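Welcome, and please take a moment to turn the model around before reading on. We will visit a few places one by one, with the residue names to help you find them.

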Amino acid sequence: MTTVPRADTQHRPSPLNTVLKSRLFQPTLQLIALFGFTLAILTGFFGTPAGSRNFGIVFVWIVWWALLIIVLVPFFGRIWCTVCPIPAPGEWLQRRGIVQRTPGKLRTLGKRFPKRLKNMWLQNFGFLTIATFSAIILTRPNISAGVLLGFIVVAVALSILYDNRVFCRYVCPVGGFIGLYAMMSPLELRVRDCQTCREHGAKDCVVGNEKGYGCPWMVYPGNLTRNTYCGLCFECMKTCPKDNITLRLRPFGSDLFVAKERRLDEAYKAFIMLGCALVYSTVLLGHWGWIKNWANMDSLPHWLIYAVGLWVFNLALIPGLFWVTTWMGRKITRANVPQRDLFVSFAYTLVPLGLAAWIAFSLGFVFVNGSYAISVISDPFGWGWNMFGTANAAWTPFAPQLLNFLQVGVLMMGLMVAVNTAYRIARQHYSLHQQAFAAMLPIAGLLTLITGTFLWLYLG
């Protein structure tokens, strides 16, 4: 009789797992990123006020942003959270060290984070607040540096008050949308065998051991079904004595169909991200100079109108339109499915479309402005340096004839995935194909209308 080995003994360690389990892996990447982050702050405060010549503006809002939204999030999920320097100083203070596992509990004041805030709402409002001032932040180095420094200060303060990465999990505006769009990634951290986790009572991945800390994201890997709240710190891989946790590939967008995990705060994150992509495309890439002037605070009354309009558009108009659309689908089917369930579930169709919209926007931004990085790398402060001989490189838009082709392709792909997602979500609520198809038709129409609006903005 042949015995099948259990999940904790039937595999061999891979070179990748060895690297991820190393205590040097994450701190090394964080220290490198912290150097760049510090340089961005210093150049913002002490460098040239010309955004196109300032390292803080060019490398944060053009180079880093393009890398994040075009490459890292779609293909690697929350891998930026592995590298991110913002929570690092606070976390190192908690742990009383950078590399080696320090014995004892985390050094904090041990406060309890409010239960009512253990969701995505702070991240939603935080992102909207940043978006309200985005035209100023993206063009004025000192303001940009102040925002980046503010992130560090808030992260350190929360690390003193609370255990673990409260800032990353519940507060960080960037972490909120990375978590949302990480559901599209083909990369996931999961347990190999759930039964092994159930039978192992110690739960080292939660409480930690001599090899590592308990999950700083406050996640139990044995119940992990989505990428949204796993920051890929790999502490669970270091601490699991059964070697039951692995990094693996899966189909794109798999997390969108985990029905039991859907939430209203995440639905609103999808509305906000899509709405802000529309607004950013209009303000930063559109042909209406007066809107850009209003966003740049040419006068306080104009900016207030813009700010109120932005919040109403994202928190009321888009969700309201989506509510009406899901209501129409429900009426067509005449099925007794709760309207709120349909509203929240169908909101996840905006994840692939929203990600495609941000990629299309970012392509336009980086293709036009990316060449500024060539000169800025030699003269980060704008003080007349020429460290690498590229300081006098001229601004040159990259492949303008290719840009619209790529934007159309990305948006159409996003639309197709979103419509397919709508049908698959509908099948989770309706057992009959005819009902599911009818219910998703109004959603498909709205998704097409939104895509057409983006195409009009980019091609019009």
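**A walk through the model**

Ser254 is partly exposed, with a relative accessible area of 25%. To find Ser254, look in the loop between β4 (245-249) and α14 (264-285). Keep in mind that this is a predicted model. From Ser254 you can hop to Pro186: the two are 68 residues apart in sequence, yet their C-alpha atoms are 7.9 Å apart in space.

Strand β4 also takes part in a link of its own. Glu188 forms a salt bridge with Arg248, and the closest N and O atoms are 2.8 Å apart. This pair connects distant parts of the chain, with Glu188 in strand β1 (residues 187-191) and Arg248 in strand β4, 60 residues apart. Glu188 is buried, at a relative accessible area of 9%, while Arg248 counts as partly exposed at 33%. Another charged pair is made by Asp265 and Arg263, whose side chains meet in a salt bridge at 2.5 Å, N to O. Here Asp265 is buried at 4% relative accessibility, and Arg263 is partly exposed at 26%.

Such pairs have a simple background: side chains of opposite charge can pair when their charged atoms come close. How many salt bridges does the structure hold? The count is 13. One of them joins Arg95 to Glu235, with 3.7 Å between the closest N and O atoms. Arg95 sits in helix α5 and Glu235 in helix α13, so this salt bridge ties together parts that are 140 residues apart in sequence. Arg95 is buried, with a relative accessible area of 7%, and Glu235 is buried as well, at 1%. Through shared partners, salt bridges join Arg23, Glu91, Arg95, Arg165 and Glu235 into one network.

Let us stay with helix α5. This helix spans residues 88-95 and is mostly covered, with six of its eight residues buried. Among the buried ones are Glu91 and Arg95, two members of the network we just met. What do the buried residues of α5 pack against? Their partners are α2, α8, β3 (212-213) and α13 (235-239). Just after α5 comes Arg96, whose phi is positive, near 60°.

Next, look for nonpolar side chains in the interior. The largest nonpolar core has 143 residues, and Phe177 and Trp358 are the ones that touch the most other members. Setting aside neighbours within four places in sequence, Phe177 is in contact with Trp65, Leu68, Ile69, Phe127, Lys269 and Met273.

Nonpolar residues also appear on the surface. A nonpolar patch of about 990 Å² includes Leu42, Phe45, Phe46, Trp383 and Trp385. The elements giving two or more residues to this patch are α2 (25-46) and α8 (141-161), and α2 provides the largest share, three residues. Phe45 lies in helix α2 and is partly exposed, with a relative accessible area of 38%.

Our last stop is the cysteines. Why is Cys172 not bonded to Cys84? Their sulfurs are 6.2 Å apart, and Cys84 holds the closest cysteine sulfur, so the gap is too far for a bond. Cys172 counts as buried, at 10% relative accessibility. The structure as a whole holds zero disulfides. Cys236 is in no disulfide either, and its nearest cysteine sulfur, that of Cys230, is 6.2 Å away. Cys236 is buried, with a relative accessible area of 8%.

Technical notes. Residues are numbered from 1 along each chain as its sequence is written. This is a predicted model: local features need pLDDT of at least 70, side-chain atom pairs count only at pLDDT 80 or more; totals for chains, interfaces and linings use all residues. Side-chain values use heavy atoms; hydrogens and water are left out. Patches are made of residues with over 30% relative accessible area and no salt bridge: like charges are joined within 9 Å, nonpolar side chains (Val, Leu, Ile, Met, Phe, Trp, Tyr) within 5 Å. Accessible areas come from the Shrake-Rupley method with a 1.4 Å probe; for residues, only the protein chains shown count as cover. A salt bridge is a side-chain nitrogen of Lys or Arg within 4 Å of a carboxyl oxygen of Asp or Glu. Helices (H or I, at least four residues) and strands (E, at least two) are DSSP runs, numbered from the N terminus. Buried means under 20% relative accessible area, exposed over 50%, partly exposed in between (1.4 Å probe, protein chains only). A nonpolar core is a set of buried Ala, Val, Leu, Ile, Met, Phe, Trp, Tyr and Cys residues joined through side-chain atoms within 4.5 Å. Contact means heavy atoms within 4.5 Å. A disulfide is a pair of cysteine sulfur atoms within 2.5 Å.
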